[in-house]
Amino acid sequence: MRVAFLLREIGGEKRLKLFGIKTKDIRADTTYSLNDADFLRVLGIDVDSAGNKLGEITYFTCLKLLSEIMGKLDIRMYQYSEKKGKERALNPRLEYLLNVEPNEYYTASTLKQAIELNRNHYGNAFVHVETDRKTGMIKALWILPTTEVTVWIDDRGVFGNANGVWYEWNDSRTGKKRVFNSNEILHFKSSITFDGINGMARKDIISMQIDSAYYGERYIHKLYKGNMAANKVILHYTGDLNSAAKKALVRGTEEFSSQVGTGAFIPLPLGVNAEVLDSKLVDSEFSVLNKAKALSIAAAFGISPNGINDYSKSSYANSVTQQTNLYVNTMQPIFKAYNEEYTRRLIQGKEKGLKTLEIETKSLFKMNPIEQMDVLQKGVNSLLYTPNEGREELGLPYMDNPKANELVGNGNMINLDSVGNQWKGGDN
């Protein structure tokens, strides 16, 4: 969107001064863009900051890792009974929405990744649960832009529910406003929250570390752009030069060093000498500091060095430990929060309290075929799996034989109460 920034349209110089804007910085005959660096500087916005932080590679890598983990995991429904304990409960319609197609525009993987990305980057993620007005059945799930949603607490009970939570969505595309009650919204928040209603964004908490790493990357970018000319060149000359002559001297020197030939030869005017001001990255321990910042950002997400491709102190045993730590200490709390939010909002009617929705984590521990077969074989022989359950883990169809649904195992195994009976005397 383009904005004609004319002085007469915003109330003249007095009003500009209230906002700290200097009129000398504005050209009344120029059209500025809201994304133009010059326009943002006029408004007092530092355009050299890390912006939305996504440009910092470590921060982006952490967001990408967590989002892709959540995107590849399915959600299953379970129920509990006194006789069988925990077992799968079938709800094909709901599981189709959660694992395949939440709506007609994008897939379930896209929805889950968007939820996790918004949850970490903004501190909150909002999903609208669309239901059929006649049947009350869930029709679709829609991700809402976090920056367009405001959370309100009705402390006076104006809408009939004292201390009720309401969500106001200001749609920037249509300009319309919609208000949802808490039953119509899945609200996923970060683990850092002071009031239990709104989560805090990680980018705001570790803003200084992200900005420092961002500026470090910009510095390296400038070095590459300048042909790795990390050193400064001082030009000594006799006498005094005005500003225009100084700029012409520098411009001519840079032109020969970067555009003429290989840049190995730089002609200098009579009376001008060049001196190199040496500045090495090694002297400033740039790589050490940059690595420390990257590890600090990753630690804020609960991600180990391997997760940000730092294998400097990695071994096989260490990598396995880091993978386990990622699951136990980082992902498990996230899974639990997701399970609770899915269950309390999507389990309806008489099923509430009897069934739960849980994230299936088996895909996090994919084994090679030999290890998988060994685990399943031991599970079947130890009476933990039926043959058909083992075949299901391998992606094979069930066998029609009823015996395939029964527990079978090693006949040498006996109950604890029967231990020692074989030594008692008897006819048999």
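"Partly exposed" here means a relative accessible area between the buried class, under 20%, and the exposed class, over 50%. Keep that in mind as you click around this predicted model.

**Stop 1: Trp142 and its partner**

Select Trp142. Its relative accessibility is 22%, so Trp142 counts as partly exposed. Now add Tyr105, which comes out at 61% and therefore counts as exposed.

Show both side chains. The model has seven aromatic pairs, and Tyr105 with Trp142 is one of them: the pair is tilted, with 5.8 Å from centre to centre and 50° between the planes. Why does this pair tie together separate parts of the chain? Tyr105 sits in the loop between helix 4 (92-99) and helix 5 (108-121), while Trp142 belongs to strand 6 (residues 138-144), so the pair links parts that are 37 residues apart in sequence.

**Stop 2: tyrosines in helix 10**

Next, pick Tyr338 and Tyr342. Here's another tilted aromatic pair, at 6.1 Å centre to centre and 50° between the planes. The two tyrosines are four residues apart in helix 10 (residues 316-346), so about one helical turn separates them. Are they buried or exposed? Both Tyr338 and Tyr342 are buried. Add Phe188 to your selection and you've got one aromatic cluster, made up of Phe188, Tyr338 and Tyr342.

**Stop 3: the open sheet**

Switch to cartoon view and colour strands 6, 5 and 10. In that order, these three strands form an open sheet with antiparallel pairing. Strand 6 and strand 10 (185-189) are the edges, each pairing on one side only. From one strand to the next, the twist averages 20°.

Zoom in on strand 5 (residues 124-131), which pairs with strand 10 over five bridges. Phe126 stands opposite His187 of strand 10 there.

Which helices should you add? Try helix 5, which packs on the sheet and touches strands 5, 6 and 10; its direction makes about 140° with that of strand 5. Helix 10 packs on the sheet too, touching strand 5, strand 6 and strand 10, and its direction makes about 165° with that of strand 10.

**Stop 4: a hairpin**

Move on to strand 8 (residues 164-170) and strand 9 (residues 177-181), which run antiparallel and are joined by five bridges. Click Trp166 to find its bridge partner in strand 9, Asn181. The two strands make a hairpin with six residues between them, and Gly175 in the turn has a positive phi of about 80°.

**Last stop: a charge over a ring**

Finally, select Lys86 and Tyr78. The charged end of Lys86 sits over the Tyr78 ring, 4.5 Å from the ring's centre.

How values were computed: Residues are numbered from 1 along each chain as its sequence is written. This is a predicted model: local features need pLDDT of at least 70, side-chain atom pairs count only at pLDDT 80 or more; totals for chains, interfaces and linings use all residues. Side-chain values use heavy atoms; hydrogens and water are left out. Rings of Phe, Tyr and Trp (its six-membered ring) pair if their centres lie within 6.5 Å; planes under 30 degrees apart count as stacked, over 60 as edge-to-face and the rest as tilted. Buried means under 20% relative accessible area, exposed over 50%, partly exposed in between (1.4 Å probe, protein chains only). A charge sits over a ring if NZ of Lys or CZ of Arg is within 6 Å of the ring centre and within 35 degrees of the ring normal. Two strands pair if DSSP finds at least two bridges between them. Axes are lines fitted to C-alpha atoms, for helices over the stretch in contact, and angles run from 0 to 180 degrees between N-to-C directions. Contact means heavy atoms within 4.5 Å.
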